[in-house]
Every structure is written in structure tokens, then in C-alpha cells.
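User: Could you walk me through a few local features of this model? I'd like some reasoning along with each answer.

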Amino acid sequence: MSLPSEMSQEPNPQAENQPASQSSSQLPEPLSNEAQVTQTTSPPLNLPSEQLQASLAAASRYLEQVNNIGLSDDVQDLNYLIDFLVFIVDQAYPFIPCPSGCSNCCVDSGLPRTSALEWAHIHGYLSQMPPDVLKQVIEQNESRHRPQHQQFLAEQARIENPDTDLALPKFECKECPFLIEGRCSVYAVRPTICRGFGYFTWRPGKERDSQIFACQMAADTLLDGLRQIHSPYAALPAWNPISDKVYALNRAQSTGVMATLPLWLMAHTDANGQILPLNLNPDFSQSG
Ligand code: SF4
Ligand code: SF4
């Protein structure tokens, strides 16, 4: 199981200030329909296979109705739906290692691609942060990432030209500026990619097979767990429809701009280390 190449820029994580799961009373009722899964499975540990499949099918249907990210806290909210999927997958495969408090992908690949829609939530959240925490976040971004501004612009060119073969820039540091003492300081409003990493499958291209959307260790641990329950296949939701939804909502409801999270923050930090007003279409080349 190879690591998706996108992982180096489209990561992470479950580094958290609170558990990713929700109470079952908040979850949509499963519907019986074709599940949005890449593979079928023999019964996993906790959830009967039929229930897992039905829940994945329900989520697939609800995805069509999703019309916001982080605004409604119901099944029309993409964050809600992702959290629901993480919950049911975690129930089915309790050996997935992400909930253990791991934040390695925030360190190794903490440059999540973040839509303008998602950045608006994070930007709003910054004003509620304790001043010392915000100061640390800004200082971390300035010290780690401002010197890599050219690499971030090169990465931005890759994001804006997805059909080209531009090389992955050589970042010297990929640690997310929002990670403080192993915890995400914007957990409540973290990007969608950070919510789902570790629990989905990912198809890197039309001619490429699906892969587990996780770090190599998490993928190997999941596969080992499946072997132990004599199940050669995992029923996991697919990330591509979620990612497509992020892009679609971002285009429909915002500027459509997508950028790495540290670059958004650089574009919203002035020379005195103060946060600038929200700009959903900044000139990133001027933020160095
Ligand atoms: S186990 Fe892997 S995918 Fe899960 S949180 Fe840790 S580094 Fe990320
Ligand atoms: S926003 Fe940063 S610290 Fe938070 S989960 Fe995502 S990569 Fe980790």
C-alpha cells in the first residue's frame, strides 16, 4: 500500500483537542442503498457489515444535499458528514491508530490545502483565540514558513494548475503552524482534509487504484487489523467525492481560491504580527 503522493501536501490529521466522534443521536439514520465504498468487506469488528454499508450509503446520499461547510451542523454541512463517516469507520475498525492522539501528519505534511470557505472559518476563529496562543501560531508561521515563501508560491502554482506536471517544491519544514504541543489549536474549524485523513480511500487518478487515505503506518495498521479478523477488504468511504464537494462549494459560494494553510495565514499577517482583515482572494505573491 503506497502513500498517495498528495499526502505531502494534502494531509492530515486527527491531532485534536477533542474526540472526532459524535454521539449517535446526532447521526443520520442509515438508508439502504448502494454504498459509496471502494471495496466490500466481510463483517468488521463492531459494526455489522450491513449496518456499515447502510451507513456509508446514507452518507453518500446525504453528500448530494450538502450545501455548506461548517455552517449548519446538520447533514447539509460537509464537516458534519465527514465527522459522521469518521465515527462509523472508527466504530467498525477500532484498530485505526489516528484517535490515539497522533499528530505526526501535522508535522510531516501539515500544509493542508484549504479552501477560501474553510479559511473564512479559521480566520474568524483566530479572533477568539487566547492572545498568547494566537501569538505562538503567528510566530511559528513566520519562523517556519515565511522563509519558504517561494516554495509556497511554487506549491500554489501546482494547486492552480492541477493538470500540469509541476514538481513538488522542496519544503524544509512542513509542520503546520497551528500545531501547539501536539494539538491542533483550530480543531473546531480545521480543514476538511484534516478531518478525514486516516479514514477514507483515495483515488489519485483515473488510471490509478484506490489507496487508503492515511499515512503508511496507519494504512499498514488497518491492513494488519483486517488480517486479524480474516477480512481481506476494508469498507471505507471514498475521499474523492468529498474533495470534489469542497471545490464545488468553494467555487459556488466563495472565490474558489484554494491554498495551503500556512500561505493563507501569511497573507493575513502584517509586518507587526497582527492579523489582517479577511481577504478571500489575496495576492499571495505579495505576502512574502
Ligand atoms: S496515524 Fe497516520 S494518518 Fe493517523 S493521525 Fe497519525 S500520522 Fe496521521
Ligand atoms: S489545521 Fe494543522 S494542526 Fe490542525 S489538524 Fe490540520 S494540519 Fe493538524
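User: What distance separates the end C-alpha atoms of helix H1, and why does it agree with the expected span?
Analyst: Happy to help! Helices here are DSSP runs of H or I with at least four residues, strands are E runs of at least two, and both are numbered from the N terminus. The expected span is 1.5 Å times one less than the number of residues, so the 17 residues of H1 (residues 49–65) should cover 24 Å, which agrees with end C-alpha atoms lying apart by 25 Å.

User: Before we go on, how are things numbered, and what confidence applies?
Analyst: Residues count from 1 along each chain as its sequence is written, while chains are lettered from A and ligands numbered from 1 in written order. The model is predicted: local features need pLDDT of at least 70 and side-chain atom pairs 80 or more, while totals for chains, interfaces and linings use all residues.

User: Is Asp73 buried or exposed?
Analyst: Asp73 sits in the loop between H1 and H2, and has a positive phi of about 50 degrees although it is not a glycine. A residue is buried with 20 or more other C-beta atoms (placed from the backbone) within 10 Å of its own, exposed with 12 or fewer, and partly exposed in between. Asp73 has 12, so it is exposed.

User: How many other C-beta atoms lie within 10 Å of Glu181?
Analyst: Glu181 lies in the loop between strand S2 (179–180) and strand S3 (183–184). Its phi is positive, near 50 degrees, in a residue other than glycine. Glu181 is exposed, because the number of other C-beta atoms within 10 Å is 7.
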